[in-house]
Amino acid sequence: MSTCRWCTSFGDDVAKLLQRYCAGSWLAEDEEKALNDDLDKCLECVVVYHRAKEELPGLHRRLWELETSRLLDLFSHAAKDAEPAKDLSYIEEDGREIGVSHISPAVYEDRLGVPLSEVLKYPYLLASPELSEMCVEAICKMEEYNSFRVCCKDPGIYLLLVHPNETVRRWAIGAARSLGKVDRDDFYDLQDIFSCMFYIVELRIPQNFPDMDTSYDPTTKMTLLQPHLYDSKNSKNYWLGICMLLTQLDAQAMDSLFLGPDKQANILLCILNALKDEEPSNEMDPFWPVLQCFMVILDCLGSRFWGQIEPSQAFQAISQSPSYSAELESVRQQTMISRIKTETTYDDDMVTCSQMVYDSNTKVSKVMTPICCICVLLVVPKLDLLD
Ligand SMILES: [Zn+2]
């Protein structure tokens with residue numbers, strides 16, 4: 001059995017190996033293939049490679065080309081092999097002919113497990129639209145088999161909470177929940193990707209950036225989500241993703257996010273502004289997920305929340321929102337009926353993404369939202385007096 005070249009090298013040797021790999025022309029053909037094979041199959045090699053890369057910023061542009069072409073090659077080959085083969089099929093009892101692919105779900109996952117983990121660990125790779133599309137295809141396929149499990153809080157998982165593809169969002173919500181709360185140490189590792197996600201909120205989830213170049217520059221840190229990584233036309237889904245993210249933070253991580261030295265105080269103002277936005281009450285109305293974000297933060301930070309936000313402002317933003325008034329009116333009318341309607345009708349077997357997010361924070365469920373609102377409205381003036 002051959003030995004990995006990246007993860008068995010130490011110190012300067014890795015940097016030299018990386019320089020030779022980047023230059024390409026110095027390598028024998030089989031050496032280049034062996035180095036790529038290691039990156040395709042061994043996650044430790046991937047980690048050693050990316051750690052060495054951090055120290056060599058001059059190589060980033062060329063390495064970005066090598067990384068994206070290596071990964072695209074892998075994903076597209078696996079996708080091709082997973083397609084139903086022309087010469088392989090079986091007949092179902094009802095007479096239908098079902099195509100069989102050349103590789104089993106287990107082989108497919110085995111081939112793409114390390115590459116997908118690399119993309120989730122280093123999510124700037126998703127800035128490539130082609131690679132992002134291939135990853136989406138792979139995650140959707142693995143969701144069919146229910147086979148792709150994660151064991152680390154990789155930043156890409158949280159980034160995919162706002163992805164336009166519902167299956168991907170559903171997978172990301174499940175993965176984030178399975179990994180448990182993000183504590184303060186995790187938070188520092190994930191901070192950069194959270195900032196990218198919050199930056200879109202600060203920009204009010206724009207549908208386009210007329211004055212900005214959104215293409216990714218591989219020589220700098222990723223600071224902005226590329227337009228293909230979120231659905232700008234559906235701010236409700238974006239806020240649902242943000243809500244899920246906030247729900248996963250433990251008290252210390254939330255503290256670092258909103259009260260720490262690099263605090264994202266602007267997000268609280270964005271929440272207030274989004275609550276006030278005059279959106280028509282329709283399926284894409286972001287009011288409830290935004291309010292849910294408000295409640296999750298309030299629940300976690302307690303009275304320190306009011307040091308960041310003026311209680312009367314919050315009171316007005318919620319109570320004057322058309323969505324809130326409409327819901328209150330609807331609750332009033334339904335007091336005659338025993339059952340409070342839920343957000344949308346859905347199959348018993350099909351749990352929507354929003355239900356998954358709300359279920360993550362059982363203290364504040366959608367069905368309870370009007371009542372919670374009333375609680376907030378009762379609590380806000382009291383806290384105002386206390387402060
Ligand atoms: Zn290795």
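Two residues are taken to be in contact if their C-beta atoms, placed from the backbone, lie within 7 Å. On that basis, the buried residues of helix H5 in this predicted model pack against five helical segments: H2 (29-41), H3 (43-54), H4 (60-82), H6 (129-145) and H7 (155-159). The buried set in H5 consists of Tyr108, Arg111, Leu112, Pro115, Leu116, Glu118, Val119 and Leu120.

H5 covers residues 105-121, 17 residues in total. From its first C-alpha to its last it reaches 23 Å, close to the 24 Å expected at 1.5 Å a residue. The helix is nevertheless bent, by about 40° at Leu112. A proline, Pro115, follows within four residues of that point. Both Leu112 and Pro115 belong to the buried set.

The protein chain as a whole contains 17 helices and two strands. Of its 387 residues, 33% count as buried. Long-range contacts are frequent: among contacts between residues at least 6 apart in sequence, 73% join residues at least 24 apart.

In soluble globular proteins, nonpolar side chains tend to be buried together. Here the largest nonpolar core has 82 residues. Met197, Cys293 and Ile297 have the most contacts inside this core. Its largest share, twelve residues, comes from helix H13 (residues 287-301). A second, separate core has twelve residues, among them Trp6, Leu18, Cys45 and Val46. Beyond its neighbours within four places in sequence, Met197 is in contact with Leu159, Val162, Leu225, Ile242 and Leu245.

Helix H10 (residues 235-248) is buried along its whole length. All of its residues, 14 of the 14, are buried, so H10 is largely enclosed by the rest of the structure. At 1.5 Å a residue, H10 should span 20 Å, and its end C-alpha atoms are indeed 20 Å apart. Gln248 lies in this helix. Gln248 counts as buried because it has 25 C-beta neighbours inside 10 Å, against a threshold of 20 or more. Leaving aside neighbours within four places in sequence, Gln248 is in contact with Ala176, Lys181 and Val182. Arg177 is 71 residues from Gln248 in sequence, yet their C-alpha atoms are 7.3 Å apart in space.

The loop between helix H9 (184-202) and H10 holds Arg204. This residue has a positive phi of about 65°, although it is not a glycine. Arg204 has 13 C-beta neighbours inside 10 Å and therefore counts as partly exposed.

Two packed helices are described by the angle between their axes and the distance between the axes. The axes of H9 and helix H11 (residues 251-259) come within 8 Å and cross at roughly 40°. H9 is therefore oblique to H11. On the H9 side, the residues that meet H11 are Arg184, Asp186 and Phe187. Their partners in H11 are Gln252, Ala253, Ser256 and Leu257.

Ala253, in H11, has 24 C-beta neighbours inside 10 Å and so counts as buried. Not counting residues up to four places away in sequence, Ala253 touches Val182, Asp183, Arg184, Asp186 and Phe187. Val182 is also in contact with Gln248 of H10. Along the chain, Ala253 and Cys300 are 47 residues apart, and their C-alpha atoms are separated by 9.9 Å.

Key: Residues numbered from 1 in each chain as written. Predicted model: local features only at pLDDT ≥ 70, side-chain atom pairs only at ≥ 80, totals over all residues. Expected span 1.5 Å × (residues − 1). Bend = angle between axes of the 7 residues up to and from the residue. Core = buried A, V, L, I, M, F, W, Y, C linked by C-beta atoms within 7 Å. Axes fitted to C-alpha atoms, helices over the stretch in contact; angles between N-to-C directions. Parallel < 35°, antiparallel > 145°, perpendicular 65-115°, else oblique.
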